[in-house]
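Welcome to a short tour. Open the structure in your viewer, keep the selection tool handy, and follow the stops below.

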Amino acid sequence: ADISKSKAIVAFTESGGTALRVAKIRPHVPIIAACYSIRTARFLALVWGVHPIVLEKPVDEFVMTTEIAKACKLVCDLGFADPNTDLLTFTAGLPFGIPGTTNVLRVVSANGPDYWFDDDNSGKLKDFSL
């Protein structure tokens with residue numbers, strides 16, 4: 001997060017382990033624990049630097065871009081990032097729902113995974129959605 005200048009680290013977590021491992025390194029940015037269980041969220045509320053959010057569980061399967069888009073909206077709505085200027089660092093484990101499989105790190109615009117900034121450094125977002 002320091003290298004990418006991200007405003008927050010968002011850790012998708014089923015059991016809380018991913019958020020715990022991130023909190024252990026004491027980053028200088030907020031840690032947002034995106035989880036689907038209120039029980040996990042309550043546990044993570046006691047951990048240093050972790051701000052848990054409870055997302056609605058996917059009906060069919062875990063689609064990373066959809067879940068990142070939901071988390072981006074919530075993180076921005078809560079005031080952790082500005083969707084027009086900030087970046088977020090996401091971490092998760094795939095396949096999702098299996099504890100101990102944290103293996104994904106992705107930096108995205110706070111506006112969502114389908115947006116990125118112009119090459120001319122104007123700060124304007126480009127839409128890359130299909």
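On this tour, contact means heavy atoms within 4.5 Å. Bear in mind that the model is predicted.

Start by selecting V10. Apart from neighbours within four places in sequence, V10 is in contact with I32, A34, A71, V75, T89, F90 and T91.

Next, widen the selection to β1, residues 8-12. Are the residues of this strand buried or exposed? Five of the five residues of β1 are buried. Turn the strand to see both faces: A8, V10 and F12 lie on one side, while I9 and A11 lie on the other, and both faces are covered. In a regular strand, side chains alternate between the two faces of the sheet.

Now add the partners of β1. With β4, β1 pairs in the parallel sense over four bridges, and A8 stands opposite L88 there. β2 also runs parallel to β1, joined to it by four bridges; look for I9 opposite I31. To get from β1 to β2, follow the chain through helix α1, residues 17-24, in a right-handed β-α-β crossover.

For the next stop, select V10, F12, L55, I68, L88 and F90. Within the largest nonpolar core, which has 22 residues, these touch the most other members. Two or more residues of this core come from each of β1, β2, α3, β4 and β5. Which element gives the most? Colour α3 to see the answer: α3 gives six residues.

Finish with I9, A19, I31 and V50, which are among the 11 residues of a second, separate core.

Methods. Residues are numbered from 1 along each chain as its sequence is written. This is a predicted model: local features need pLDDT of at least 70, side-chain atom pairs count only at pLDDT 80 or more; totals for chains, interfaces and linings use all residues. Side-chain values use heavy atoms; hydrogens and water are left out. A nonpolar core is a set of buried Ala, Val, Leu, Ile, Met, Phe, Trp, Tyr and Cys residues joined through side-chain atoms within 4.5 Å. Buried means under 20% relative accessible area, exposed over 50%, partly exposed in between (1.4 Å probe, protein chains only). Two strands pair if DSSP finds at least two bridges between them. A crossover is right-handed if, with the strands pointing away from the viewer, the path from the first strand over the helix to the second runs clockwise.
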